[in-house]
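Biologist: I am new to this one, and I would love a friendly tour. Could you show it to me before we talk it through?

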Amino acid sequence: MAGLISSQATVLLLLMCCVGSSMAVFFSSLPKTLIVTASPTPGQALYAGVDQINVTWSLNQSLPAGADSAYKKVKLLLCYPPVSQADRPWRKTEDHLQKDKTCQFKMVVQPYGRATRGSYVYTIERSIPTGTYFVRAYALDADDTQVAYGQTTDAKKTANLFDVVGISGRHASLDIAAASFSAFAVVALVFFFMLEKRKGKK
Amino acid sequence: MEENSNKSVLQVEAVAPATAKFKIPVDSEQKATEFWLFSFVAPHMRAFHLSWFSFFCCFVSTFAAPPLLPVIRDNLNLSATDIGNAGIASVSGAVFARLAMGTACDLVGPRLASASLILLTTPAVYFTALINSPSSYLLVRFFTGFSLGSFVSTQFWMSSMFSPPKVGVANGIAGGWGNLGGGATQLIMPLVFDLIHHIGSTRFTAWRVAFFIPGLMQTFSAIAVLALGQDLPNGNYRKLEKAGDKHKDSFGKVFYNAVTNYRGWILALTYGYCFGVELTIDNIIAEYFYDKFDVNLRTAGMIAASFGMANIVSRPGGGWLSDLMSRRFGMRGRLWSLWVVQSIGGVLCIVLGKMHNLSAAVVVMLLFSCFVQAACGLTFGVVPFISRRSLGLISGMTGGGGNVGAVLTQLIFFKGSRYSKETGITLMGVMILACTLPITLIYFPQWGGILCGPRAKATAEDYYAAEWSEDEKERGYHSASVKFAENSVKEGGRRRENSPTVPVDETPSYV
């Protein structure tokens, strides 16, 4: 028990150190300076492990020069809109970005170069669950802190969403194994019952 | 003359006490008067090890899903409501199963009853690997939960194998080490999942494969019970009934006797607020720590496991405390300690919901687990004395009541999003305090209760004999009850050691 408590104390200390080194970033403070488009059409269903998403991002050209001076990298993520978050508190949106669970799947981190634009072809990983998604891009500074963002959907996160159909994870071998082991359990029970009956008769 | 001496030799052999054949010392009912934890001697200690381990496996299976929920909820697209409903379903099946098991034990014996239940619920565990929707998730958790009914056969078996001075500790350790499964599974499942995921399976396949471990454990423990176990010190029910050594009781009479005993109902309610609370915590705690304190799956599993792991010592500790209090204060001591310990558990539960710091929450949770599990052990220090004739059904009612408590608590406080989890935990603590008060109403005429002392002329023999009608007593059906009454004389506490009911086979020590 003492060992458990001391390991928990260590974890807590480490957590506090991490929080201390990066300032709290709030989503509401980020400017929407990136324009992001993704290949799926609204309502299209894509299959995990099979289909691809073509994402392009670029800086909004109508911004004053120097607006992107801090941008060093761009991080592309798959995010949950409110329709995927309903009755699922583990996907809740929080303004404090460290606590935010909206965007749980990283697609890629790309360097932000002078071209101020980029694209990426992402094959949907087999670990992406079934749900409705949109794409968001965060511009990161040299400390990997978010300084700006862009997303494929609107502020309410209801427009331009697409669906991903996740893999089931099932296999024929599992089906067979489950059926055989179940049958074995029942047969073993019947076997012992018959043995009891025979012993009783004697 | 030779013939005569041969006959007399045979007669002597037939009458020789069966006590000679047991390595462990026994009383007049052939129940063990000592408890040798690290021994496997047949039939008493072997029965103990078989029963706690098979029950442990049932707990591992029933609570195998919660630590993997962060993966399962994504695979099956579960909502918080789906998860809450399945959690309720997982403990509600056992309400009925425990009642049925009580009766089954009274009628066919704990060995066949428990092995049947365990083997018939194993398919539900294997089929968990195949589910793909919220409704199939609910169904497998519901059917797997039936296996928790084997708790009753564990307690019944221990009460049949161990004498009153040791029944508290035997029941406590068997129950506690079984409940341990609820903690062990929070460690085992993430570990197995990590291993399989590492070998190369995707997340969504790895968790499915992991479920074969609890399934196989369950199957083989039940087969061991059938192959190596024995219902009573003298043999199995069927054999003894055929030989006329055991009277085959009627279900109707056993049932009526159990439901008309108010003490069984009170303990059913209060057990819902120690064991029921333990089941609820088993279902919600891993996700609670994962979501509130942002720890990873493995860490959440470890924290959740430490709650259940406290069972190694806390529930047996409760049983041992019950036996200790009984030596000094008799049944009144057992009842007092149960009430105090369970109430402290309630207070700690209230405090747990108010902890917002990870280390503090873990510490309070561990203290809370000790008290709540000790209360479970203390409850089953009292249960064996409520009825002798309907021991199985009373155990079943109490055990079932535990599950009803779990269903109610999850329904009221942990379904959907009405209360945050921490508010739910605090309110659960308040409910524990309220529902523990009825223990003050339990009264045994021969031994007393929390508030009042025993009645002057009441005896244990009268109490247990009253479970049988005059007609049945004439036929000697109640002989086992009489023996039990004699052996429970010490429940009167130190002051009552010189009671009039002196066991027939023992010479009074003060002469």
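Biologist: Which residue forms a salt bridge with Asp144(A)?

Modeller: A salt bridge here is a side-chain nitrogen of Lys or Arg within 4 Å of a carboxyl oxygen of Asp or Glu. For Asp144(A), the closest N and O atoms of the pair are 3.0 Å apart. The partner is Lys73(A).

Biologist: How many residues apart in sequence are the parts that this pair ties together?

Modeller: Asp144(A) sits in the loop between β7 and β8 (146–151) of chain A, while Lys73(A) belongs to strand β4 of chain A. Strands (E, at least two residues) and helices (H or I, at least four) are DSSP runs, numbered from the N terminus. The salt bridge therefore ties together parts whose separation in sequence is 71 residues.

Biologist: Before we go on, what should I know about the model itself?

Modeller: This is a predicted model: local features need pLDDT of at least 70, side-chain atom pairs count only at pLDDT 80 or more, and totals for chains, interfaces and linings use all residues. Residues are numbered from 1 along each chain as its sequence is written, chains are lettered from A and ligands numbered from 1 in the order in which they are written, and side-chain values use heavy atoms, with hydrogens and water left out.

Biologist: Is Lys73(A) buried or partly exposed?

Modeller: Buried means under 20% relative accessible area, exposed over 50%, and partly exposed in between (1.4 Å probe, protein chains only). Lys73(A) has a relative accessibility of 29%, and its partner Asp144(A) counts as partly exposed at 43%. The class for Lys73(A) is thus also given by its value: partly exposed.

Biologist: Which cysteine forms a disulfide with Cys79(A)?

Modeller: A disulfide is a pair of cysteine sulfur atoms within 2.5 Å. The structure holds one over all chains, and its sulfur atoms are 2.0 Å apart. The partner of Cys79(A) is Cys103(A).

Biologist: Which strand holds Cys103(A)?

Modeller: Cys79(A) lies in strand β4 (residues 73–79) of chain A, and the disulfide ties together parts 24 residues apart in sequence. Cys79(A) is buried at 0% relative accessibility, and Cys103(A) is buried at 16%. The strand that holds Cys103(A) is β5 (residues 103–111) of chain A.

Biologist: Why does Cys105(B) have no bond to Cys58(B)?

Modeller: Cys105(B) is buried, at 0% relative accessibility. Cys58(B) holds the closest cysteine sulfur, but that is too far for a bond, so the answer is the distance: 13 Å.

Biologist: Which side chain of opposite charge is nearest to Arg136(A)?

Modeller: Arg136(A) lies in strand β7 (residues 131–140) of chain A. Lys and Arg count as positive and Asp and Glu as negative, with His and the chain ends not counted. Arg136(A) is buried yet has no salt bridge, and the nearest side chain of opposite charge is 4.5 Å away: Asp100(A).

Biologist: Which side chain does a polar contact join to that of Arg136(A)?

Modeller: A polar contact is a pair of N or O atoms within 3.5 Å; within protein, one must be able to donate a hydrogen and the other to accept it, and residues adjacent in sequence count only if both atoms are side-chain atoms. The one at Arg136(A) spans 2.9 Å, and the side chain it reaches is that of Gln151(A).

Biologist: Which helix holds Asp323(B), the salt-bridge partner of Arg334(B)?

Modeller: Arg334(B) and Asp323(B) have their closest N and O atoms 3.0 Å apart, and both residues are buried. Arg334(B) lies in helix α17 (residues 331–353) of chain B, and Asp323(B) lies in helix α16 (residues 314–329) of chain B.
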